[in-house]
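The report below goes with the sequence and the coordinates shown here. Its topics are one loop residue, the interface, the two chains, a helix and some backbone details.

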Amino acid sequence: MGLREYTIRRVIELIISLFLFSTISFIIFRMMPGDPSSLYLEEGILEPGMREAIRHMLGLDKPLWEQYLIYLKNTFTFTFGVSFLYNKPAIDIILSRKLLNTLALLLSSHGLAIVFGILLGVWSAWRRGKVFDISSMLAAFILYSLPVFWVGIVMLLLFSVKLGLFPLAGTITAGLTHENILQYMADYLHHLILPATAITLIRLGGDYLITRNTMITVIGEDYIKTALAKGVPEKIVVWKHAARNAVLPIVTWVGLEIAVIFSGAVLTESVFSWDGIGKLIYDAALWRDYPILEAAFFIIIFVTLVANFLTDLAYAALDPRVKYD
Amino acid sequence: MNKNNKLLNIEDLRVYYVMSSGSVKAVDRVNLDIGKNEVVALVGESGCGKSTLAYSILRIIPYPGRIIDGKIYFNNIDITALPEEEMRKKIRWRNISMIFQGAMNSLNPVMKIKDQLMEAIIYHEDAIDDVEGAYLRAIDLIKRVGLDPSRVLESYPHELSGGMKQRVVIAMSLLLNPKLVIADEPTTALDVTTQANILELLRDIQKEVGISILLITHDLPVVAEIADRVFVMYAGKIIEHADIYSIFKEPQHPYTDGLISSVPSLVEGKLKKLKIMKGEPPDLINPPSGCRFHPRCPYKMDICEKEEPPPVTIKEGHVVNCWLHVKR
């Protein structure tokens with residue numbers, strides 16, 4: 001099977017998965033106790049008719065199957081209905097700045113964690129038993145076991161509150177008008193550093209440990225001894241022969257972790273008040289804002305599935321033994 | 001300085017795997033020599049230190065192993081003292097190459113055969129006069145081992161059969177005209193027919209180009225087929241060595257005798273009753289006292305537990321380390 005047929009098959013799989021996951025998320029959100037009206041009103045204080053009026057306005061008085069059909073139509077036309085909380089189309093709210101903010105945070109932090117995790121893991125395994133290896137392994141175990149929100153709060157306390165080096169919250173300085181794009185980017189980066197570092201530190205431990213582990217297995221293989229015996233310089237043996245084989249399991253792992261990565265974003269964005277999808281989901285869940293939740297979950301599922309597909313393509317490109325089938 | 005015209009001379013070599021739970025004494029005061037154009041076999045059970053001895057000749061002992069002391073002379077130069085870069089450029093593959101255990105795993109799965117062959121040449125460029133010629137030689141060698149260069153060179157290892165891979169590995173080992181090829185169980189993972197073909201190929205090439213071979217194996221019929229001399233290793237020590245004829249006809253050490261008798265043979269059309277050696281290979285962290293074979297030896301005497309047997313020369317070139325042969 002060639003790349004073309006493979007892609008077509010995967011796209012069909014993607015559409016089926018999206019349909020299934022959308023249905024599941026519809027059911028889950030309606031299983032959450034209460035509905036939006038119960039949060040807007042405190043019973044007994046407002047007129048009895050008000051609640052019904054709100055339910056009618058939001059379309060929550062329709063039978064569940066009718067709500068589901070509307071939901072499906074909205075989902076597959078990418079409109080996702082109107083947010084209960086913001087009274088704007090849900091898709092506009094998500095696609096505005098929020099998705100970009102989340103992607104900027106996740107891509108930068110995980111990119112750094114993966115790159116440094118692999119570099120350190122490879123070198124650590126090669127220097128097995130030496131001081132560098134033992135100290136970095138100890139550090140990795142500590143980082144790996146820390147919860148991200150705790151690290152976030154400690155970093156905020158230290159670098160923002162005590163030292164005043166970084167802003168406490170947000171993605172750009174409120175009220176500041178930027179003169180040019182460069183100033184804007186510098187301001188954005190200044191806000192990005194703390195949350196991105198928090199995620200990088202937490203993830204670095206895991207990426208490092210997995211790399212080190214697979215690398216140690218690879219080093220024991222005869223083809224590594226063969227390369228050394230051939231008189232190939234040590235650095236080339238490490239990076240070209242060993243690391244090239246050791247990253248294969250990492251690629252799979254990263255692909256599987258993408259969903260987990262998004263869940264990490266909810267916590268980090270809440271701690272740092274980072275205006276992204278994660279914080280949006282947190283707020284939407286509190287307020288039972290179904291359209292936002294549904295739209296956000298749909299986007300996350302979509303990104304995850306596409307990323308998994310790209311992971312498989314990357315794997316096939318890295319390992320000649322893998323065929324498209 | 002060592003004065004003889006042997007190609008390789010190992011003197012009192014000790015290689016230990018140093019761990020917190022104790023050192024694995026994989027090679028413990030080993031002496032071994034290989035002459036020019038000679039095929040020497042190193043025989044012993046799995047885990048007796050044969051492969052470690054081979055790795056130490058190329059100085060590629062895996063973690064946490066290291067040479068404790070002893071000397072390895074190659075052409076009368078002590079290569080244990082060579083700087084790493086010198087070792088890499090002048091000894092590895094240029095003078096001593098190696099065929100590793102099992103064909104399946106000696107080739108990098110994500111690199112084309114061509115690149116893996118060329119690598120040996122590229123990283124020795126300053127040691128080779130004629131790089132172009134080396135490439136042509138790679139093609140010739142692929143043909144010499146009975147493979148089609150146009151098919152093999154552009155392939156990845158998984159696209160070849162086990163026998164083909166082993167042929168590639170043999171061709172690769174000869175690429176830089178080495179003086180010594182170490183072959184560590186070169187036929188273990190192959191089926192019997194392929195084994196015979198590979199051995200024949202190895203022997204023919206050895207005669208053709210005039211190289212020395214250190215053949216590491218536990219497979220005695222293989223030894224009988226191509227070796228000139230045999231060293232028998234037990235629990236990190238050489239316990240007997242002699243020419244091939246003496247080892248098979250007059251084995252002196254009870255262990256050598258056991259090894260030979262535990263191979264089925266069909267001489268004179270009838271199957272001899274197979275002797276099975278009792279006991280397990282010893283733990284190399286705490287090896288047995290005295291003679292390391294004493295817990296399994298049918299002729300054990302009191303002294304065997306207490307003192308290590310000295311080498312006894314039975315006749316010219318036949319030496320055994322066993323108390324049975326010490327005149328007291």
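## A tryptophan at the chain boundary

Leaving aside neighbours within four places in sequence, B:Trp93 is in contact (C-beta atoms, placed from the backbone, within 7 Å) with A:Ala229, A:Lys230, A:Gly231, B:Ala120, B:His124, B:Leu176 and B:Pro178. The model is a predicted one, in which local features need pLDDT of at least 70 and side-chain atom pairs count only at pLDDT 80 or more, while totals for chains, interfaces and linings use all residues. Residues are numbered from 1 along each chain as its sequence is written, and chains are lettered from A and ligands numbered from 1 in the order in which they are written.

B:Trp93 lies in the loop between α2 and β6 of chain B, where helices (H or I, at least four residues) and strands (E, at least two) are DSSP runs numbered from the N terminus. The residue is buried, because 29 other C-beta atoms lie within 10 Å; the classes are buried at 20 or more other C-beta atoms within 10 Å, exposed at 12 or fewer, and partly exposed in between, with C-beta atoms placed from the backbone. From B:Trp93 to B:Ala242 the C-alpha to C-alpha distance is 28 Å, and the two are 149 residues apart in sequence.

## The interface

Across the boundary, 27 residues of chain B are in contact with 21 residues of chain A. On the chain B side, α2 (84-91), β6 (96-99) and α3 (113-122) each supply at least two of the touching residues. By class, that side has 14 nonpolar, eight polar and five charged residues, where Ala, Val, Leu, Ile, Met, Phe, Trp, Tyr, Cys and Pro count as nonpolar, Asp, Glu, Lys and Arg as charged, and the others, Gly among them, as polar.

## The two chains

Chain A has twelve helices and zero strands, whereas chain B has eleven helices and twelve strands. The radius of gyration of chain B (over C-alpha atoms) is 20 Å, close to the 20 Å from the globule rule for 328 residues, so chain B is as compact as a globular protein of that length; the rule is 2.2 Å times the number of residues to the power 0.38. The C-alpha atoms of chain B fill a box of roughly 65 × 50 × 40 Å along the principal axes, and those of chain A fill one of roughly 85 × 60 × 40 Å, also taken along the principal axes.

Of the 328 residues of chain B, 44% count as buried, and of the 325 residues of chain A, 35% do. Among contacts in chain A between residues at least 6 apart in sequence, 71% join residues at least 24 apart; in chain B, 63% of the contacts with a separation of 6 or more come from residues 24 or more positions apart.

The largest nonpolar core (buried Ala, Val, Leu, Ile, Met, Phe, Trp, Tyr and Cys residues joined through C-beta atoms within 7 Å) has 160 residues, and A:Ala296, B:Ile182, B:Leu214 and B:Leu215 touch the most other members. Not counting residues up to four places away in sequence, B:Leu215 touches B:Val39, B:Val40, B:Ala41, B:Ala183, B:Val223, B:Ile226 and B:Ala227.

## Helix α4 of chain A

The 13 residues of α4(A), residues 64-76, reach 18 Å from the first C-alpha to the last, close to the 18 Å expected at 1.5 Å a residue, the expected span being 1.5 Å times one less than the number of residues. The buried residues of this helix are A:Tyr71, A:Asn74 and A:Thr75. They cover an arc of only 95 degrees around the axis, which puts them on the same side of α4(A); the arc is that of the directions from the helix axis to the C-beta atoms. What covers the buried residues of α4(A) includes α1 (3-31) and α12 (290-318) of chain A, while the face turned away from the buried side carries the exposed residues A:Trp65, A:Glu66, A:Leu69 and A:Lys73.

## Backbone details

Positive phi values occur at several residues, including those in the table.

| Residue | Phi | Place |
|---|---|---|
| A:Phe78 | near 60 degrees | following α4(A) |
| B:Arg59 | about 55 degrees | just after α1(B) |
| B:Asn75 | near 50 degrees | loop between β4 and β5 (77-78) of chain B |
| B:Asn177 | near 55 degrees | loop between α6 (162-173) and β7 (180-184) of chain B |

B:Asn75 is partly exposed, with 15 other C-beta atoms within 10 Å. In α1(B), nine of its nine residues are buried. The peptide bond from B:Tyr63 to B:Pro64 is cis, with omega near -5 degrees, and B:Pro64 is placed in the loop between α1 (50-58) and β4 (65-74) of chain B.

Methods
Contact = placed C-beta atoms within 7 Å.
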